[in-house]
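Me: Hi! Could you walk me through this structure?
Reply: Happy to, here it is.

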Number of protein chains: 2
Amino acid sequence: VATSESINDLVSRLQRGETRAVARAARFVDDRRDGFVDLLKAIYPLSGQAYVVGVTGTPGAGKSTLVDQLVRALRARALKVGVVAVDPTSPYSGGAILGDRIRMQRHFLDPGVFIRSLATRGHLGGVSRSASGVIHILDAAGFDVILVETVGVGQDELEVARLAHTTLVIMSPGMGDDIQAIKAGILEVADIFVINKADRDGADATVRDLEQMISLDRDVSVRGRGHSAAATLARPPEPELGKWQTPIVRTVATRGEGIDALLEACDGHRQFMSDPAQGKRARRRRIEHELYAILSDTMLSEMERRLGDSLPKALDDLERKTIDPYSAAERLLAGLLREET
Amino acid sequence: VATSESINDLVSRLQRGETRAVARAARFVDDRRDGFVDLLKAIYPLSGQAYVVGVTGTPGAGKSTLVDQLVRALRARALKVGVVAVDPTSPYSGGAILGDRIRMQRHFLDPGVFIRSLATRGHLGGVSRSASGVIHILDAAGFDVILVETVGVGQDELEVARLAHTTLVIMSPGMGDDIQAIKAGILEVADIFVINKADRDGADATVRDLEQMISLDRDVSVRGRGHSAAATLARPPEPELGKWQTPIVRTVATRGEGIDALLEACDGHRQFMSDPAQGKRARRRRIEHELYAILSDTMLSEMERRLGDSLPKALDDLERKTIDPYSAAERLLAGLLREET
C-alpha cells in the first residue's frame, strides 16, 4: 500500500528522471497495486510535454525491428525515448513479447531509453488505461518521445493508437485481398503508412492499393474519421479544418533504410498538428479517449469486484437452464446500479 | 419497437427456418433496436444444437477463401451453414468486409447458407455480445454449423473465439519472428492450427515453429489455457482431464486442398469434447464468457446512456486542466453506482 508520503517521494524521483523510479511507477500502475490511482493523479499534472507515437500494424510486418531502428535514430538526435509495448493478444501470459525485448537489449545500458511491456491482464479497456498511465509516467520523467507499440490490429489496439499524437500503421507487401478486410479501421487511425520490407515483390502494388484507399476515403468525407467508442458520447460540432494527407513511407528496417524519411514524415505531421485549431481538436479527442478508457475500466473493475460472490450461483443457474443469460445479467446489474430518478 | 406479439411471430418463423426471419432477427440484434433483449430472451431456450466453429488468424493468411471452402465442403455434407463475420477493426464503417461477402456470392441463392457481417458498432464487449446473439438466432433457426469469422488477433477477437466449440487459428508461411509475438494469446484459443498457403516457401519452418510452441505449452502446464477476462470471477476447482493435442493442418484454400483433412480434425475435436467431463467444463466456460460479455456490454451501455449530459462538462474541465481524468472518472461513476453497504 502506498502512503501519500511514499507517492510524493516516488514522484520527485521520477521528475529527476531516475530510471528505477520510472520502472517502479510503471510496475505499480500495470500491476494495479493499491494506490495506483493516487500515483496517477499526482503524476498527471506533470505530464503533457512528450511526443507520443503509436506504432501498430499487421503481425509479420517487421514492426519490432522498425521500432528498434526508430529508437536508434531518435537517440542519434539526442532525444530520450520511451517504448511501451502492448500485446492485447496475450492477456494472461505477459511474456509474449519477450522476443522483442531481447532484440532491444542493445539499448539496455542506455539510460536515455526505457522499455516497458504491459502485461495487459484483465478485461477490455484495461489495456488503454494501463498504456495511458505508463505514457504519463514516462512523460513526467522527461522522455521526449514515447513509442507505443501494439501487436495486432484489433479494436483495443486502435484505442491505444488513439492516445498518440501521431500513429504509424506498418504493413508489408503481399497482404493480398486481406488488405481490403482491414482497411476501414486502419484508415481511421493511420497518420502515416509505412510499407516495410519495401525491397520485396509486391511493394509497388501495396503502395498503389493504399493510395487508392486513401483517395477514396478523402473523396467520401471526413465523417467518421478518428471516431471511437466514446464518439457518440460527447462530440461537439466541429469546425472545417484542413485535412492531413496521409503519406506512405517505404522502409527496409533490417537495413535501416527509410528511417530518416519516416522521422521526417513524423515531423511533418507534428508540424501540421501544431496549428492551434487542429491541436485543440486532437487534444480534446485524446482526452475523450483517455477518459472513456478510465471510465469503462473502472466500471468493469467495480463490477467484477462487487459481483464476485454472486457469479458462481448465476453460472449454476445458467448451466441448469433455469434462466437465460440476458435475464441473469439484468438481475445482477440491478444490484450494482443506482435506480434512476 | 417490438411488441411481445411481433416477437413471438418472428420467433416462430425463425424456428421454421425462414431466411427472411433470420435476417430480420440478426439485424434487430446487431442494430440493438428497442426490444432486442426480449427477442434474445425468447430465442435462447431454442438454441444449443448447432456446432459453432471460430475462425481467426492473421490478416493475409487467406481466411476468407478458407471459410468459403469450408462452406462448400459442409454443404456437400448436406449441412446448413451460417457464417457470422466479425470485424472489430472497423467499428464504424460496417462495409469493411464487403470484399469477403462479394466473394461468397456463389452461396447467395442457397437457402442452406446464411451470411451475416456484424457492424460491431459501439464499445469493447459489444462485439462478443452481438456475435453471441446472432449465433443463438442461427442456432434456433436450425443451422447445423455456424462459422464465426474474425479479422484480426486482438483481445476482442479472442473473446469471440471463446464462444465457439472449436476454434481454428489460420496462419500462413513467412510470419518470421512475429510468430513469437503472437504465440501466447493464440495458444490459449487454438483447438486446431491451419497453415494455409502451405505450398509456399517456409511452410515447413512455420509448422516446426508451431509444433515447438505446442510442445512447450504442454510441458509448462495447462494452467492459464482458455482463461478469459471473466476467469478470475468464478472459476471452480477443475478436475484433471485429458488434454487435447492441438493438430496442425496444411491447406491450400485457393485450390481446395486440405479442406477434408481440416473437417476431419474438427470432427476429432468435437469427438474429444463429447466426453461428459470435458463437455461440461467447456460448456461452463462458454456460458461464463457469454455472461461476462453481456454483463460488461450492458454495464457500459448504461454508463454511456446515463453519463450522456455530464460528459461534455467533464471534458471541458479536463481541457482546462482543473481536474485530472482519474478524479473526473471517480466523480462521474459515483453518481451511477450504488453505495456499498
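Me: How are H13(A) and H11(B) oriented to each other?
Reply: H13(A) and H11(B) are oblique to each other, a word for angles that are not under 35 degrees (roughly parallel), over 145 (roughly antiparallel) or 65 to 115 (roughly perpendicular). Helix H13 (residues 325–334) of chain A and helix H11 (residues 276–307) of chain B pack at about 50 degrees, with axes 9 Å apart. Axes are lines fitted to C-alpha atoms, for helices over the stretch in contact, and angles run from 0 to 180 degrees between N-to-C directions. Helices (H or I, at least four residues) and strands (E, at least two) are DSSP runs, numbered from the N terminus.

Me: Is this model predicted, and what are the ground rules?
Reply: It is a predicted model, where local features need pLDDT of at least 70 and side-chain atom pairs count only at pLDDT 80 or more, while totals for chains, interfaces and linings use all residues. Residues are numbered from 1 along each chain as its sequence is written, chains are lettered from A and ligands numbered from 1 in the order written, and side-chain values use heavy atoms, with hydrogens and water left out.

Me: Back to that pair. Which residues of H13(A) meet H11(B)?
Reply: A:Pro325, A:Tyr326, A:Ala328, A:Ala329, A:Leu332 and A:Leu333 do, with contact meaning heavy atoms within 4.5 Å. Their partners in H11(B) are B:Glu290, B:Leu291, B:Ile294, B:Leu295, B:Thr298 and B:Met299.

Me: Nice. Which residues touch the most other members of the largest nonpolar core?
Reply: A:Leu291 and B:Leu291, out of 114 residues in that core. Such a core is a set of buried Ala, Val, Leu, Ile, Met, Phe, Trp, Tyr and Cys residues joined through side-chain atoms within 4.5 Å. Leaving aside residues up to four places away in sequence, A:Leu291 touches chain B residues including B:Leu311, B:Pro325 and B:Leu332.

Me: And how many helices and strands does chain A have?
Reply: Chain A has 13 helices and seven strands. Of its 341 residues, 60% are buried, where buried means under 20% relative accessible area, exposed over 50% and partly exposed in between (1.4 Å probe, protein chains only).

Me: Any odd backbone angles? Where is A:Lys197, for one?
Reply: A:Lys197 lies in the loop between strand S6 (192–195) and helix H9 (203–220) of chain A. Its phi is positive, about 55 degrees, although A:Lys197 is not a glycine.

Me: Buried or exposed, that A:Lys197?
Reply: A:Lys197 is buried, with a relative accessible area of 17%. A:Arg32 also has a positive phi, near 55 degrees, but A:Arg32 is partly exposed at 26%.
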